[in-house]
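Biologist: Could you take me through this model, with the reasoning behind each answer?

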Amino acid sequence: PMEEEPVSATPPPPSPPHFVIVPLPAQGHTIPMVDLAFLLAERGARATLVVTPANASRLRAAAGLAARANLPLEIVELPFPPPAETGLPAGVENVDQVTDYAHFLPFFTALRSLASPLESYLRSLPSPPSCLISDWCQSWTSDVATRGGIPRLFFHGPSCFYSLCDLNAAAHGLQPQHGERFIVPGMPVRVEVTKETRPGFFKEPGWEAIHEASMEAMRTADGAVVNTFVGLESQFVSCYETALGKPVWALGPFSLYNRDADMMASRGNDNTSDVDAQTWLDEIDEDDSVIYVNFGSLARKPPKYLFEVGHGLEDSGKPFLWVVKESEVISPEVEQWMSAFVLRTATRGLVVRGWAPQLAILSHRAVGGFVTHCGWNSMLEAIAHGVPVVTWPHFADQFLNERLAVDVLGVGVPIGVTMPVMLFGDEAVPVTRGDVARAVSALMDGGEEGEERRRKAKEYGEKARRAMEKGGSSYESLTQLIDSFTLQAMETTEQASQPPPHFVLVPLAA
Ligand code: UDP
């Protein structure tokens, strides 16, 4: 008799885990989390980005890319509370739309109203998501996750070097007085700060409740996701993990997900400039010869300092690509000055007005230096493309990111500021055209030191690329992160079998 074939009981393939991602509505926070959503979706996980309508409209290009690539990435819109409730001007849904200091606290308070619609959305799912990844500033998500029994990771935007300084300074109650210099305790390298440059967010009077809620949300999270890579700051990643006492997933540089021009141009999707930076750069013969100047999405320079930057670039004699915000051209006088400047420098400079395709610029072979405000995204994007930096920190974590670039990594020339400035350019920092010209020349002129800086930057760029490739540290950490939630998702195959919609509008009432 014929032997019976053994019945093979092949288990069904595990369903992909579902990550719900809640960014802070600020370009420097949302952009990396959108990259993270793409990274997860590309690796088969389902990713849902939760944003408000005005912010969703900035993501249409990204949503289009996801849809065309058939990625399991969706965008869910939650309504932003109306002005009558928030006291904010109508339409303000992003930090970069806040133009009055008095509106920051109401803005961060208003975000808490998203808890109820987020819970409605989560309840509307056939089964709970595998994990919530929320910006550390969105501390209200911790209650939502607890009530829904959903694991939660917080996304911390800055370098681990900064985050470790912050934890250590807080643990030791570091309170330097004005004029004093202090060594941050517990750091594996010597880090000196002043009252003005010490780590810590939300330090101003009135922000105590928000500060405490954010710290508590970090304490109670199941782990952290950071945009960095082990090859860049290995000791700080591991010390941060130890200090935090929970897993730290170093998955960056996230920006390297964007591999082609469409992807790079979709970032931030605020491309208001009609100047073609790409064509201009293509026409530059010499590699690494252009200095790129951009101070991120928030900092605005008053005319006096805008002019010093311009004159400094002119005096440096180097080819430059300078990004000027529309909100910096505040009067006919500034407009006139800009026109004259553009005419004078047209043979070797390009001024981009508005939002620039920063990633496309930094990855261009012609760009060899970057004058940056040391926002962590900008800094890491430069490093990931092997571009050394002139460091001009403005506020928040930027002073410690500068220390990392200059003292630890050896890829930066400091412009020499020691005091923070406020967002809207009410700055009293004596940066002159001489400082700009000196720092730019030091960065671009080469010489032994310059060559060494460039060599190191390129080496880190190469390490960054390898970290994100199969077998690299960030790639494999992402695999582990996804795998750790896959088991749990096996029980929720029903949910995964439904194709995600690309936009969902959740009503305000729960
Ligand atoms: N960015 C851009 N074009 C601009 C200005 C900024 O693409 O003209 C992007 C930049 O690439 C980075 C982010 O906006 O990803 C800014 O984040 P960062 O942490 O550097 O600074 P922030 O804006 O938070 O101060």
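Biologist: How many bridges join β2 to β3?

Modeller: This is a predicted model, and in it β2 and β3 run parallel. One pair within this arrangement is leucine 49 with its bridge partner in β3, isoleucine 75. The number of bridges that join β2 to β3 is 5.

Biologist: Which residue in β2 is the bridge partner of histidine 18?

Modeller: Strand β1, residues 18–22, also pairs with β2, in the parallel sense and over 4 bridges. Histidine 18 has its bridge partner in β2, a strand that covers residues 46–51. That partner is arginine 46.

Biologist: Which residues of β2 point the other way from Arg46, Thr48 and Val50, and are they buried or exposed?

Modeller: In a regular strand the side chains alternate between the two faces of the sheet. In β2, 6 of the 6 residues are buried, and the strand is mostly covered. With Arg46, Thr48 and Val50 pointing one way, the residues that point the other way are Ala47, Leu49 and Val51, and these are buried.

Biologist: How many residues of β3 are buried, and which ones lie on each side?

Modeller: Both faces of β3 are covered, with Leu73, Ile75 and Glu77 on one side and Glu74 and Val76 on the other. Because the buried residues amount to the full count given for the strand, β3 is largely enclosed by the rest of the structure. The number buried is 5 of the 5.

Biologist: What covers the buried residues of α6?

Modeller: Helix α6, residues 115–124, is mostly covered, with 7 of its 10 residues buried. Those buried residues are Ala115, Pro117, Leu118, Glu119, Ser120, Tyr121 and Leu122. What covers them includes β1, β2, β3, α5 (104–111) and α7 (141–148).

Biologist: Why does glutamate 119 count as buried, and what is its relative accessible area?

Modeller: Glutamate 119 is found in helix α6. Leaving aside its neighbours within four places in sequence, glutamate 119 is in contact with Val144 and Arg147. The cut-off for buried is under 20% relative accessible area, so glutamate 119 counts as buried with its value of 16%.

Biologist: Which residues does leucine 65 touch, not counting residues up to four places away in sequence?

Modeller: Leucine 65 lies in helix α3, and at 16% relative accessibility it counts as buried. Not counting residues up to four places away in sequence, the residues that leucine 65 touches are Phe38, Asp262, Met263 and Ser266.

Biologist: Asparagine 70 and cysteine 374 each have a positive phi; which is buried and which is exposed?

Modeller: Most residues other than glycine have a negative phi, and most peptide bonds are trans. Asparagine 70, with a phi of about 60°, is found in the loop between α3 (60–68) and β3 (73–77), whereas cysteine 374, with phi near 70°, has its place in the loop between β13 (367–372) and α16. Asparagine 70 has a relative accessible area of 69% and is exposed, while the residue that counts as buried, at 0% relative accessibility, is cysteine 374.

Biologist: Which peptide bond is cis, and what is its omega?

Modeller: The bond in question leads to proline 253, a residue in the loop between β9 (248–250) and α11 (261–266). The cis peptide bond runs from glycine 252 to proline 253, with omega near -5°.

Biologist: How much of the 540 Å² that the ligand exposes when taken alone does the protein bury?

Modeller: Oxygen atoms of the ligand come to 2.9 Å from an N or O atom in the side chain of histidine 373, to 2.5 Å from one in serine 378 and to 2.6 Å from one in glutamate 381. Of the 540 Å² that the ligand exposes when taken alone, the protein buries 95%.

Biologist: Which element gives the most residues to the shell around the ligand?

Modeller: The ligand is surrounded by 16 residues, the closest being Ser297, Ala356, Asn377, Ser378 and Glu381, and the shell divides into 5 nonpolar, 9 polar and 2 charged residues. The elements that give two or more residues to this shell are α1 (27–42) and α16 (376–384). The element that gives the most, with 4 residues, is α16.

Terms used: Residues are numbered from 1 along each chain as its sequence is written. This is a predicted model: local features need pLDDT of at least 70, side-chain atom pairs count only at pLDDT 80 or more; totals for chains, interfaces and linings use all residues. Side-chain values use heavy atoms; hydrogens and water are left out. Buried means under 20% relative accessible area, exposed over 50%, partly exposed in between (1.4 Å probe, protein chains only). Contact means heavy atoms within 4.5 Å. A residue is near a molecule or strand if one of its heavy atoms lies within 4 Å of it. A polar contact is a pair of N or O atoms within 3.5 Å; within protein, one must be able to donate a hydrogen and the other to accept it, and residues adjacent in sequence count only if both atoms are side-chain atoms. Accessible areas come from the Shrake-Rupley method with a 1.4 Å probe; for residues, only the protein chains shown count as cover. Ala, Val, Leu, Ile, Met, Phe, Trp, Tyr, Cys and Pro count as nonpolar, Asp, Glu, Lys and Arg as charged, and the others, Gly among them, as polar. Two strands pair if DSSP finds at least two bridges between them.
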